[in-house]
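Colleague: I am new to this structure and would be grateful for a guided reading. Could we proceed helix by helix and then turn to individual residues?

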Amino acid sequence: MKLSKEMRGFQDRIGHEFARPELLVRALTHASISSPTRSDNQRLEFLGDRVLGLVMATALLEDDKSASEGQLAPRFNAMVRKEACADVAREIDLGEVLKLGRSEMMSGGRRKLALLGDAMEAVIAAVYKDAGFEAAQAMILRLWGNRITSVEADARDAKTSLQELVQAKRQKPPAYELVSRTGPDHQPVFTIAVRLDDGAEAQATAGSKRQAEQAAATALLSKLEQKQ
């Protein structure tokens with residue numbers, strides 16, 4: 001199989017030339033354009049998630065040999081969560097080579113966090129199947145770069161931190177509510193409110209519900225810290 005100019009450019013950006021280029025094509029094919037003769041990237045995504053996890057667990061252990069499991073777990077989660085994969089995907093312009101169906105393309109699929117994160121995991125699996133674990137590991141460490149060594153000592157996401165805080169106070173879990181959804185279908189904007197039993201609350205706006213919830217949790221944590 002001969003790759004397009006755009007695909008060859010993407011190979012250069014990830015630093016891996018495929019011996020089996022069909023693996024790369026499959027990794028970048030979203031379910032919205034799949035067919036009986038064109039496989040999508042979902043199975044590769046499943047595998048890539050596991051490869052990424054092993055690479056990151058190993059890298060974090062080597063980076064901080066004195067860290068406990070309780071310290072390593074949130075750092076690991078920060079490195080493998082969908083947001084991190086999507087950030088890396090944006091840096092290498094993965095969205096530009098995604099193969100999408102018309103409806104997904106019209107709704108801004110090339111910029112969607114979930115699609116980018118899933119495709120990044122699929123690309124990892126494609127490299128793993130093409131050239132083995134060491135090749136996949138080298139690419140991951142190169143693309144994730146100093147994220148691994150600069151991850152915060154306490155890398156829990158805001159929602160987890162807020163949840164643990166209210167549990168310590170013996171309160172009910174935080175309640176998240178969609179306040180509004182605005183903007184066109186291809187570029188929606190969500191406003192989310194988070195509230196606690198004691199009446200404390202905060203709101204935030206972002207381009208996805210997940211991001212808005214995290215931002216709202218961050219805002220509420222900041223408010224609570226200022227009261228202490």
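Modeller: Certainly; please bear in mind that this is a predicted model. Let us begin with helix α10, residues 158-168, whose buried residues are A158, S161, L162 and V166.

Colleague: How wide an arc do these buried residues of α10 cover around the axis?

Modeller: The buried residues of α10 lie on the same side of the helix, because the arc they cover is narrow enough to put them there. They pack against β1 (175-182), β2 (189-195) and α11 (209-227). The arc around the axis is only 125°.

Colleague: Which residue just after α10 takes a positive phi, and is that residue buried or exposed?

Modeller: The residue is R170, which lies in the loop between α10 and β1. Its phi is near 60°, a positive value in a residue other than glycine. Since exposed means over 50% relative accessible area, the 80% relative accessibility of R170 makes this residue exposed.

Colleague: Where do the buried residues of helix α1 lie when seen down its axis?

Modeller: Helix α1 spans residues 5-14, and its buried residues are M7, F10, Q11 and I14. They fall within an arc of 105° seen down the axis, so they line one face of the helix.

Colleague: What covers the buried residues of α1, and which residues are exposed on the other side?

Modeller: The cover includes α2 (21-27), α7 (113-131) and α8 (133-144). On the other side of α1, the exposed residues are K5 and D12.

Colleague: Which residue just after α1 has a positive phi, and of about what value?

Modeller: The position follows directly on helix α1, which covers residues 5-14. The residue there is G15, with a positive phi of about 75°.

Colleague: How do helices α3 and α4 pack, in angle and in distance between axes?

Modeller: Two packed helices are described by the angle between their axes and by the distance between those axes. For α3 (residues 42-63) and α4 (residues 69-80), the angle is about 135°, which makes α3 oblique to α4. The crossing is right-handed. The axes are 10 Å apart.

Colleague: Which residues make that contact, and how do they divide by class?

Modeller: From α3 come L52, G53, M56, A57, L60 and L61, while α4 contributes L72, R75, F76, M79 and V80. By class, the contact has nine nonpolar, one polar and one charged residues.

Colleague: Is E83 buried or exposed, and what does it contact beyond its sequence neighbours?

Modeller: E83 is found in helix α5, residues 82-91. Buried means under 20% relative accessible area, so E83, at 18%, counts as buried. Leaving aside neighbours within four places in sequence, its contacts are L113 and R210.

Colleague: Where does D93 lie, and what is its exposure class?

Modeller: D93 is in the loop between α5 and α6 (102-106). Although not a glycine, D93 has a positive phi of about 55°. Its relative accessibility is 40%, so its class is partly exposed.

Colleague: What surrounds T191, and how far in space is T191 from K129?

Modeller: T191 belongs to strand β2 and is buried, with a relative accessible area of 13%. Beyond its neighbours within four places in sequence, T191 is in contact with E177, L178, V179, S180, Q203, A204 and T205. K129 is 62 residues away in sequence, and the C-alpha to C-alpha separation is 41 Å.

Note on methods. Residues numbered from 1 in each chain as written. Predicted model: local features only at pLDDT ≥ 70, side-chain atom pairs only at ≥ 80, totals over all residues. Heavy atoms only, no water. Axes fitted to C-alpha atoms, helices over the stretch in contact; angles between N-to-C directions. Helix = DSSP H or I, 4+ residues; strand = E, 2+ residues; numbered from the N terminus. Parallel < 35°, antiparallel > 145°, perpendicular 65-115°, else oblique. Left-handed = near helix turned anticlockwise from the far one by under 90°. Contact = heavy atoms within 4.5 Å. Nonpolar A, V, L, I, M, F, W, Y, C, P; charged D, E, K, R; others polar. Buried < 20%, exposed > 50% of the residue type's maximum accessible area, 1.4 Å probe, protein only. Arc of directions from axis to C-beta.
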